[in-house]
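Biologist: I should be grateful for a close look at one residue of this assembly and at its surroundings. Please set it in the context of the chains and of the contacts between them.

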Amino acid sequence: MIGNLPFVVCMILVGLGLWTLLSRRNLIKLAIGITLIESGVNLFLVALGYVERGVAPIYTYAPPRAKMVLPTPQALTLTSIVIGLATTALMLAFAVVIYRHRGTLDARKIRELRG
Amino acid sequence: MRLFTGEGHWSPLVWLALAAGVGFFAWLLWRWGRRTYKAGTEQDMPFLSGERAPEGAHVGAPHLYWGFLQGLRPVLEGLRAFHSGFVGDYVTWMVVLLAVALLVVVLT
Amino acid sequence: MTFGVHAPILAIAVPLLGAFALPVFTKLHRSLRDIWAAAVGAFTCAMVITVAVQVFTSGVQVYTLGAASPTASVVQGGFPIRIVLAVDGMSAFMGLISALVGLASLVYSFGFLKEEQGKTLAMTLFFLLWAGMLGMEYTGDMFNFFVFLEVTSIAACSLVGYRTWESAPVEAAFKTMAMYTVGGLLVLLSIGILYGEYGALNIAYLSSKVVGSQLDKIALGLLLGGLLMKAGAVPAHMWAPDAYGEAPAQAAIVLVANTQASLYGLWRVLFTLFVGVLSAPAVGWLVASLGALTILVAVLAAVTQRDLGRLIAYGAVSQIGYMLLGVGVGLAALSSRQDWGLVAMKGGIFHMLNDAATVGLLMLAAGVVRRATGTKDLASLGGLGHDLKWTSGFFLLGVLALAGIPPLNGFASKFLIYESSFRLSPILAAIAVLGSILLLAVFARAFQGAFLGPRLREARPASPAMLAAMGILAAVILAMGLAPGFFVEHLVGPAAEALWRGRDLYLAAVLGG
């Protein structure tokens, strides 16, 4: 059971992020909510790749008969972090522009497009 | 050229031939019409219930289907409210879709 | 033939290079930029066509990245360790759609975009989006699919919102970005689950190993939710009218093609990855009902629109419903292998091509209207047919094709969908027909409002490049309308077969026997 704890934490993070998205109105907080979901998913990917007492998969430096860690999940997580950086930056940039036009960050007041 | 559906088939060429026939009939009707018509005279004026229409009268798109829209009004108002423009609602509906998809997939 | 082996990766890499080199060429000279953009566009289209010809003549094409030989997709032990591009009939067909729409968008943007309003930026983003779409369609690797999905998300949202001097486009971009990011993260979460279970990301390998555990089902549900959102299925469609309506015309048509790339991802997941373990009738019914719901809701919402761009946007969303309906019916009939299931899938897949061409044509014509008059409000438009003769002709053609008036292409694909969805459930077929009728009413109103009536104002005529772009799409529409049998037999048929019973061929091509 204790081995599953990281996954539970990830899902809690994802849930918190979704709850932020559903309950908050401020555009910056919405961006924070999305970042929370992202962190949860990234943590999930890293937790998948954990090997107990594993070493980095560099054959010349690894001690003999040591368990090695497959580097794929780390590579996936790095890629995902970079993508997350781009999306977060873009969302915040949009939020800044919206604030300049409307003078508010309240998502309930930014409803020009509806119907 | 033909498209088979298992039940029947569809060929645009047959349709084009039929359309040509109908077009010919329409042309005959048109030939049958008044020969005293002249463009650029009073005969050009739009006819609105015997009244002389004001210059540049244009029935804009929002006036079309007025009765139909009036009849459907409760439904359409509901649809407008459904698309509220609040980004939190968008995400809520996505979560609903996700929940339905998960339920259908997991329960079957 | 040796060069043709590399065509799949070149179709993705060249537009990427084109995107990032474009601003450099602008610094040197603008005409250099235009020549570069035209060259990259032509080369990409040539590569996509090369791939399609190879796939339709000799079967699934596999390209392994980073291997000594492009065909060495598995290492010893039959485990695919490298990223693989796998192009089967369906992928090649989607590539053709993307190439067609991309070509029209590129030609149009030469005449449509203004230098002082970020022409270079918009073209750069367009090439990024194009590369991302082709990547989504050609890749054979789940994580790679996610990366290209996010590339398209970022490029698409930037294209919607780059006109920061107006407030509505940025609002649409923010909403779309929020939806896209959450949807993308759902997809990533499910990829993580699959990786945790099977230790691989290759679609073919996963498909051969997947056992249908509870975790697999959760992963499938997450993928369904994320991809249906990105495809614009009701009730998660709300970003789509906002984004399509506010994006500039040359970007809006690529957004539609991007939506279809997400639909392709959904088909790939359902028909290749999970086909062995999912309960096909239930999921098929889900997809088909969502399709019918999408048709109904989007068309009724389109009736009330007063903005030309938004009206066409809702029309575009309703067309997604027909694709979902067609392929959903096919999926429901998959396990019993009924013939009408294949017909329904042909209809749904043919409709993707039809939708790209007709909705694209309508959006481009709406862009001309916007440029000519400075407004898209139907209440203040009217009589544009006096000045914009070609544009009104193209718009009328698009309206008739979209509403499925014979003998145009929309009828051919909807005919296939009606007859076969009637076999599954008459209610679905009735909704499809009703949606089509309402759609004709909606678009007749848009045409009347914008183009007919007395001349209300002077309109600026469309530039030759814009007319040429619309001409390309109109020619495709007429060709598909007059020879539907040819297109269904040679393009749509192989694509539908690749989903219907091509999974084993796909697996064999990637995993080697």
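Modeller: What follows concerns Leu378(C) and then the contacts between the chains. The model is predicted, and every value given here is computed from it.

Leu378(C) lies in the loop that joins α13 (339-373) to α14 (389-402) of chain C. Is this residue buried or exposed? Leu378(C) counts as buried because 23 C-beta neighbours lie inside 10 Å, and the cut-off for that class is 20 or more. Residues up to four places away in sequence being left aside, Leu378(C) touches residues of two chains. From chain B the partners are Gly60(B), Ala61(B) and Pro62(B). From chain C itself they are Arg306(C), Asp307(C) and Leu308(C), together with Ala446(C), Gly449(C) and Ala450(C). Tyr506(C), by contrast, stands 128 residues from Leu378(C) along the chain, and 49 Å separates the C-alpha atoms of the two.

The partners in chain B lead to the contact between chains B and C. To this contact chain B contributes 38 residues and chain C contributes 58 residues. On the side of chain B that touches chain C, at least two residues come from each of α1 (12-31), α3 (73-82) and α4 (87-107) of chain B. The greatest contribution to that side is made by α4(B), which supplies 13 residues. By residue class, the side of chain B that touches chain C comprises 28 nonpolar, seven polar and three charged residues.

Chain C also meets chain A. Here 28 residues of chain A are in contact with 27 residues of chain C. On the side of chain C that touches chain A, the elements giving two or more residues are α5 (142-161) and α6 (167-198) of chain C. Of the residues on that side, 17 belong to α6(C), which gives the most. The side of chain C that touches chain A is made up of 16 nonpolar, eight polar and three charged residues.

Chain A itself completes the picture. It holds three helices and zero strands, in the order α-α-α from the N terminus on. Its radius of gyration is 20 Å, whereas a compact globule of 115 residues would have one near 13 Å. Along the principal axes, the C-alpha atoms of chain A fill a box of roughly 65 × 30 × 20 Å. Buried residues account for 31% of the 115 residues of chain A. Of the contacts in chain A between residues at least 6 apart in sequence, 54% join residues at least 24 apart.

Terms used:
Residues are numbered from 1 along each chain as its sequence is written. Chains are lettered from A and ligands numbered from 1 in the order in which they are written. This is a predicted model: local features need pLDDT of at least 70, side-chain atom pairs count only at pLDDT 80 or more; totals for chains, interfaces and linings use all residues. Helices (H or I, at least four residues) and strands (E, at least two) are DSSP runs, numbered from the N terminus. The radius of gyration is taken over C-alpha atoms; the globule rule is 2.2 Å times the number of residues to the power 0.38. A residue is buried if 20 or more other C-beta atoms lie within 10 Å of its own, exposed if 12 or fewer, and partly exposed in between; C-beta atoms are placed from the backbone. Two residues are in contact if their C-beta atoms, placed from the backbone, lie within 7 Å. Ala, Val, Leu, Ile, Met, Phe, Trp, Tyr, Cys and Pro count as nonpolar, Asp, Glu, Lys and Arg as charged, and the others, Gly among them, as polar.
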